[in-house]
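Reader: I would like to go through this model with you, beginning with its strands and then turning to a helix and the pockets. Could you take the questions one at a time and show how each answer is reached?

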Amino acid sequence: MGSVTEQNVWIAPRRALLTTRAGRWATRQVGRGRAVGDVASALGCDWHTVNASVRRWGQALLDADSARISEVNALGLDETLFVRRGRWHTKTWCASIVDVGSGQLLDIVPGRNAKAPTKWLLSRPQRWLDGINWAVLDLSGPYRAAFGAALPHAEQVADPFHVVQLANRALDEVRRRAQNQTLGHRGHKHDPLYRARKLLLAAHERVTESGETKLMSLLRAGDPHSEVRDAWHR
C-alpha cells in the first residue's frame, strides 16, 4: 500500500505551524499594535509560532506594497535599542530609516554601523536617491559614512535633539568640574551649583522670571570664575 501527501497553500504554507487563515489574522492583529504574546495566548500557541507567521505574511505584504516608499526629500537615520537578549541582557541595536518630511518609518535594518544602511540605500533606484536633498542624522560617524557613500549630493543635517543633548552634556561637565574645583567634592543638595543643575538644562523659554533670578543668584554664589555661566550662555 502506498500513500500520497498533498499540499494546499490555501490551508497552510509549507512548514508553517499556523494555517493560512490564522497566520493572516495574527499578522493583522500585530500590525494594529497588539503584542505578539497576546495573540499567541489567544491562539493557544507560543510566541515563536506567531512571530514566525507574522514575519512570513508581513514580509509578503511589504513586498507587494510597491508604493509604500514614495518620493523622499529628507531622509533620516537613527539608532534604536531593539532588544536585550540572553542572560546578560546583551543589547541588540537597529537603525531606523525615516522619511523626515512625513514622519513615516520606511524600514528598520540591523546594527548601528554603516553597512546595513548603506546596503539598503544602494538597493533603492538611483532616481529615488537623487530626489533626496537632506540627510538627517544623530552625529553618528557610521551614519555620516553611510550617507557619504550612498547620498554624496545630499546636505547632511544634525538632528536638533542630539545637538541639544551634546550641549547639555558639555554644560553638565563644566558644572561638575567647577563644583569640584571650588568645594572639593561632588554636588550636595545644599550646594549652589547642584541646586542650579535643572535650571541650567531647562529651555530658556520655559524658565520663569523668578526662576532666572534664582539661577543668577545660585551662579553668583557657586561659580566665582563664571565658567558655568559662560558655558550656559554659549
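Reader: How many bridges join β4 to strand β5, and do the two run parallel or antiparallel?

Author: The model is a predicted one, and in it β4 covers residues 134–137, while β5 covers residues 155–158. One of the pairs between them sets valine 136 against valine 157 of β5. The two strands run parallel, and the number of bridges that join them is four.

Reader: Which residue of β4 is the bridge partner of glycine 76?

Author: Besides its pairing with β5, strand β4 also pairs with β1, in the parallel sense and over three bridges. Valine 136, which has valine 157 as its bridge partner in β5, takes part in this pairing as well, since the partner of glycine 76 in β4 is valine 136.

Reader: Is tryptophan 134 buried, partly exposed or exposed?

Author: Tryptophan 134 is found in strand β4, and its C-alpha lies 4.9 Å from that of glutamate 155, although the two are 21 residues apart in sequence. Its relative accessible area is 40%, and because buried means under 20% and exposed means over 50%, the class that applies to tryptophan 134 is partly exposed.

Reader: In the hairpin of β2 and β3, which residue takes a positive phi?

Author: β2 and β3 pair in the antiparallel sense over six bridges, and one of the pairs places valine 98 opposite leucine 105 of β3. The hairpin has four residues between the strands. The residue with a positive phi, near 80°, is glycine 103.

Reader: Why do the buried residues of α10 lie on the same side of the helix, and what arc do they cover?

Author: Helix α10, residues 209–222, reaches 20 Å from its first C-alpha to its last, close to the 20 Å expected for its 14 residues. Its buried residues are Gly211, Leu215, Met216, Leu218, Leu219 and Gly222. They are placed on the same side of α10 because the arc that they cover around the axis is only 165°.

Reader: Which residues are exposed on the other side of α10?

Author: An α-helix has 3.6 residues a turn, so residues three or four places apart point the same way. In α10, Leu215 and Leu219 are among the buried residues. On the other side of this helix, the exposed residues are Glu209, Ser210, Thr213, Arg220 and Ala221.

Reader: Which element gives the largest share of the lining of the largest pocket?

Author: The largest pocket has a volume of about 920 Å³, and among its 24 lining residues Arg55, Gln59, Leu62, Phe82 and Ile108 lie nearest its centre. Two or more lining residues come from each of α3 (47–64), β1 (74–85), β2 (90–99) and β3 (104–110). By class, the lining has 13 nonpolar, six polar and five charged residues. The largest share, eight residues, is that of α3.

Reader: For the second largest pocket, which element contributes the largest share of the lining?

Author: This pocket holds about 240 Å³ of space, and of its 13 lining residues Asn168, Leu171, Leu200, Ala202 and Trp232 lie nearest the centre. The elements that give two or more residues are α7 (160–183), α9 (197–201) and α11 (227–233). The lining of the second largest pocket divides into nine nonpolar residues, three polar and one charged. Its largest share, four residues, comes from α7.

Note on methods:
Residues are numbered from 1 along each chain as its sequence is written. This is a predicted model: local features need pLDDT of at least 70, side-chain atom pairs count only at pLDDT 80 or more; totals for chains, interfaces and linings use all residues. Side-chain values use heavy atoms; hydrogens and water are left out. On a 1 Å grid over the protein atoms alone, a cavity is a set of points where a 1.4 Å probe fits but cannot get out, and a pocket is an open set with protein on both sides within 12 Å along at least five of seven lines; lining residues have an atom within 4 Å of a point. Grid points are joined across faces, edges and corners, and a volume is the space filled by probe spheres set on the points. Ala, Val, Leu, Ile, Met, Phe, Trp, Tyr, Cys and Pro count as nonpolar, Asp, Glu, Lys and Arg as charged, and the others, Gly among them, as polar. Two strands pair if DSSP finds at least two bridges between them. The expected span of a helix is 1.5 Å times one less than its number of residues. Buried means under 20% relative accessible area, exposed over 50%, partly exposed in between (1.4 Å probe, protein chains only). The arc is that of the directions from the helix axis to the C-beta atoms.
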